[in-house]
Amino acid sequence: MKLRAVIFDAVESVRELLAVALRDRGYEVLSFAEPSNCPLYLDPDNRCSCTQEYPCGDLLIIDQHMPDMTGLEFIERQEARGCKGVVQNKALLAQSLSPAERAKARELGCRVFYKPFRFRDFSQWLDSREKQISSDRRLVEASASLTDAAESSQRPS
């Protein structure tokens, strides 16, 4: 089974760069301009509405500065609502972080990459994460609507 990465970044060129790099490594990539396509984001009952038995991806890469919430807020929401994604497999992209945000990222255990980041550092992080992902792990099936949403997020509006 291919590894799957989910990318959230409002900047199309960043999403595309990351998607190409990950696809070159053999990943299935779902990328979005904002996290509103995630079932967790839309659920008014404060619980993850996806099948919580398995995570939806092996890696999450999210920008800190999103339109409706920060990347850290999204990761916190995932943790609070039962997301099965491994937090150490979550990377936060940021221009800068306040001391409180840096502390929160450390507390959560997610990796922070400051833009512009060195791709070598990102690649080394991927190498370390890939070694930790079990070859027999299972993921939630990528639904047609989620895949369509990812594809439409790639097209210029």
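Here are legends for four close-up views of this predicted model.

**View 1. Asp-9 sits in the loop between strand S1 (4-8) and helix H1 (12-24).** Let's start at a residue that is hidden from the outside: Asp-9 is buried, with a relative accessible area of 0%. A polar atom of the Asp-9 side chain lies 2.8 Å from the backbone nitrogen of Val-11. Beyond residues up to four places away in sequence, Asp-9 touches Val-14, Arg-15, Phe-32, Ala-33, Asp-63, Met-66, Leu-93 and Lys-115. You can also look for Pro-35, 26 residues apart from Asp-9 along the chain, with 8.5 Å between the two C-alpha atoms.

**View 2. The largest nonpolar core holds 19 residues.** Phe-8, Leu-60, Ile-62 and Ile-75 touch the most other members. Two or more residues of this core come from each of S1, strand S2 (28-32), strand S3 (59-63), helix H3 (71-80), strand S4 (90-94) and helix H4 (99-108). H3 gives the largest share, three residues.

**View 3. Leu-60 and its contacts.** Setting aside neighbours within four places in sequence, Leu-60 meets Val-6, Phe-8, Phe-74, Ile-75, Gln-78, Asn-89, Lys-90 and Ala-91. Apart from the largest core lies another one, of 17 residues, including Ala-5, Tyr-27, Ile-61 and Phe-122.

**View 4. The second largest pocket offers about 150 Å³ of space.** Its lining is made up of Pro-55, Gly-57, Asp-58, Gly-85, Val-86, Asn-89, Arg-129, Gln-132, Ile-133, Ser-134 and Arg-137. Sorted by type, these lining residues are three nonpolar, five polar and three charged. You may recognise Asn-89 in this lining, as Asn-89 is also one of the contacts of Leu-60.

Terms used: Residues numbered from 1 in each chain as written. Predicted model: local features only at pLDDT ≥ 70, side-chain atom pairs only at ≥ 80, totals over all residues. Heavy atoms only, no water. 1 Å grid on protein atoms, 1.4 Å probe; cavity = no way out; pocket = protein on both sides within 12 Å on 5 of 7 lines; lining within 4 Å. Points joined across faces, edges and corners; volume = space filled by probe spheres on them. Nonpolar A, V, L, I, M, F, W, Y, C, P; charged D, E, K, R; others polar. Helix = DSSP H or I, 4+ residues; strand = E, 2+ residues; numbered from the N terminus. Buried < 20%, exposed > 50% of the residue type's maximum accessible area, 1.4 Å probe, protein only. Contact = heavy atoms within 4.5 Å. Polar contact = N/O pair within 3.5 Å; in protein donor to acceptor, adjacent residues only side chain to side chain. Core = buried A, V, L, I, M, F, W, Y, C linked by side-chain atoms within 4.5 Å.
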